[in-house]
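Hello,

Here is the structure we talked about handing over. My notes on it follow below.

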Amino acid sequence: MSVRVRFAPNPSGELHVGSARAAMFNWLFARNSGGTFILRIEDTDPATAKPEFIKPILDALRWLGLDWDEGPEAGGDAGPYFQSQRRDLHLATLAKVMEAGSAYRCWCTPDEVKARGTPRGYDRHCRDLPESERARLEAEGHPFAVRFRVPDHPSVFTDLIRGQVSVEPGDMQDFVLARSDGSPTFVLANASDDIAMRITHAVRGEDLLSAANQTVLIYEALGAEPPIYAHLPLILDSDRRKLSKRRAPTGIAHYRQEGSLSEALVNCLALLGWSSPTLDEILSRERLVGEFTLDRVQPHGAIFDRQKLDWMNQEYIKALSPGELRSRVLELHPDTNQEALAAAIEHDLIQTRVVRLSEVPQAISYLSARPSIDPNAWDQFMSEGRADATLEAAAAKLESLEPWTVHAIKEAIQSLVADLGLHKRKGPQPIRIAISGTTVSLPLFESIYIIGRAESVARLRAAREVSVSPAG
């Protein structure tokens with residue numbers, strides 16, 4: 001069997017972490033098996049079938065590197081399939097289901113369905129109406145929906161992750177295939193498209209597990225073979241609750257904008273419910289493709305651990321070449337001072353220290369522009385009586401220092417601290433605050449070297465002379 005899988009998101013304006021995981025598992029499965037990965041936008045709802053809702057999904061997939069193999073024209077760049085453009089096919093499938101005697105017209109209004117509701121929903125009022133009553137309703141032009149005639153036997157299928165799934169007929173209502181306005185429902189359009197696209201495996205979230213039982217019955221009515229299902233576990237937050245944007249960011253765009261690398265996010269999402277045979281956690285895209293199989297996907301909920309993503313992201317940042325790090329930062333923050341960035345990268349000041357790329361512009365800002373001094377830092381270190389002497393001594397040392405190298409700067413500052421009898425760690429803090437504006441910065445000696453002699457001395461003397469109030 002040649003594997004054919006699809007990712008079929010409903011437009012929402014952004015790609016959710018859970019949807020991205022489903023797309024990735026489909027993509028990995030297709031790439032591992034030499035199969036075909038199809039992207040199909042389920043845009044039948046006019047309220048969401050808008051370019052501004054669809055574009056973010058496509059952008060996120062491309063950023064993650066999840067390229068698709070087919071489109072209405074040819075190739076991934078041609079764009080995905082759009083379900084709204086396939087309505088004629090869906091209605092043709094509906095006609096076949098009705099011809100098979102597996103569907104019927106239902107003239108009940110929503111209020112009538114609700115008023116006569118049973119534990120399983122619809123009471124099948126129109127299922128076996130007398131022919132005379134049907135003729136009257138049609139002649140009078142009453143609007144109708146089309147419902148599937150659920151058979152008297154269970155709906156059964158085998159899920160690769162969950163084993164056999166079975167629903168008794170008494171637990172299923174006659175579900176709607178087409179609404180009273182003629183529009184196909186999700187289950188009809190889904191089954192129709194999967195048949196037409198020859199989908200062999202449906203890999204998707206467990207929230208669609210109940211819909212699979214309905215789809216299997218549609219396939220049965222059409223005499224078609226349903227795809228092999230694999231329903232992925234829910235993604236949970238650190239409190240083991242279903243991941244929700246009400247409690248934490250869930251959109252891929254958020255993680256991209258804050259400086260997560262696509263490689264790190266792909267790696268992290270791949271481990272949500274799946275694990276490598278080696279149990280390694282840092283896995284390149286090539287290894288993921290080579291090792292991914294659906295039989296290693298677990299049925300229990302998978303925790304999306306933000307701290308783990310940050311750890312992975314830092315590992316991937318460390319592995320970037322200097323040129324790649326520079327381009328990634330500028331892609332995310334094009335206004336970053338390029339000279340300061342180049343110097344920070346050259347002296348290895350940021351690559352092993354930042355967790356997210358969004359931290360870089362702020363971390364290096366003082367290298368190119370004199371910072372304001374943090375009042376709390378001033379109160380903690382600069383108000384001490386010995387701070388003035390420390391700053392003046394440092395300015396004098398740096399003013400005449402030769403050669404101007406990182407090593408010479410380090411020796412000069414350490415010698416000054418020893419000569420003044422200062423604490424090795426706390427003693428240089430007034431110097432750090434004068435240079436960077438705060439007590440936490442990139443390495444001090446390299447910072448002084450990059451800023452340069454004249455500006456460093458000027459900052460030290462300005463800090464000595466200036467009086468900063470707690471509010472200032």
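**Strand 6 and its hairpin**

Strand 6, residues 155-159, has two unlike faces: Ser155, Phe157 and Asp159 make up the covered one, while Val156 and Thr158 make up the uncovered one. In a regular strand, side chains alternate between the two faces of the sheet. Please keep in mind that this is a predicted model.

The partner here is strand 7, residues 163-167. The two strands run antiparallel and are joined by 5 bridges. One of the pairs is Ser155 with Val167, the latter in strand 7. A hairpin of 3 residues leads from strand 6 to strand 7.

**The parallel sheet**

An open sheet is formed by 3 strands. Their order is 1-2-3, and the pairing is parallel. Strand 1 and strand 3 (81-82) stand at the edges with a single partner strand each, so one side of each has no neighbour in the sheet.

Strand 2 covers residues 36-41 and pairs with strand 3 over 2 bridges, in the parallel sense. Arg40 has Tyr81, in strand 3, as its bridge partner.

Two helices pack on this sheet. Helix 1 touches strand 1 and strand 2, and its direction makes about 160° with that of strand 1. Helix 2, residues 51-64, touches strand 1, strand 2 and strand 3. The direction of helix 2 makes about 160° with that of strand 2.

**The largest pocket**

How much space lies in the largest pocket? About 1,000 Å³. The lining holds 43 residues, and the closest to the pocket centre are Asn10, Gly18, Ser19, Asp207 and Leu208.

Which elements supply at least two residues of that lining? They are strand 1 (4-7), helix 1 (17-33), helix 6 (186-196) and strand 9 (201-205). Helix 1 gives the largest share, 5 residues. So helix 1 appears twice in these notes: it packs on the sheet, and it lines the largest pocket.

By residue class, the lining of the largest pocket divides into 17 nonpolar, 14 polar and 12 charged.

**The second largest pocket**

The volume of the second largest pocket is about 230 Å³. Its lining residues include Ile413, Gln414, Val417 and Ala418. Leu422, Lys424, Arg425, Pro428, Gln429, Arg432, Leu444 and Phe445 are also among them.

Helix 17 (406-419), helix 18 (429-436) and helix 19 (444-451) each give two or more residues to this lining. The largest share, 4 residues, comes from helix 17. The lining of the second largest pocket divides into 7 nonpolar, 2 polar and 3 charged residues.

**Cys268**

Cys268 lies in helix 9, residues 262-270. Is Cys268 buried or exposed? Its relative accessibility is 4%. Buried means under 20%, so Cys268 counts as buried.

What is Cys268 in contact with, leaving aside its neighbours within four places in sequence? The residues are Phe304, Leu309 and Met312. Cys268 and Leu309 are 41 residues apart in sequence. In space they are 6.0 Å apart, C-alpha to C-alpha.

Best regards

Methods: Residues numbered from 1 in each chain as written. Predicted model: local features only at pLDDT ≥ 70, side-chain atom pairs only at ≥ 80, totals over all residues. Heavy atoms only, no water. 1 Å grid on protein atoms, 1.4 Å probe; cavity = no way out; pocket = protein on both sides within 12 Å on 5 of 7 lines; lining within 4 Å. Points joined across faces, edges and corners; volume = space filled by probe spheres on them. Nonpolar A, V, L, I, M, F, W, Y, C, P; charged D, E, K, R; others polar. Pairing = 2+ DSSP bridges. Contact = heavy atoms within 4.5 Å. Axes fitted to C-alpha atoms, helices over the stretch in contact; angles between N-to-C directions. Buried < 20%, exposed > 50% of the residue type's maximum accessible area, 1.4 Å probe, protein only.
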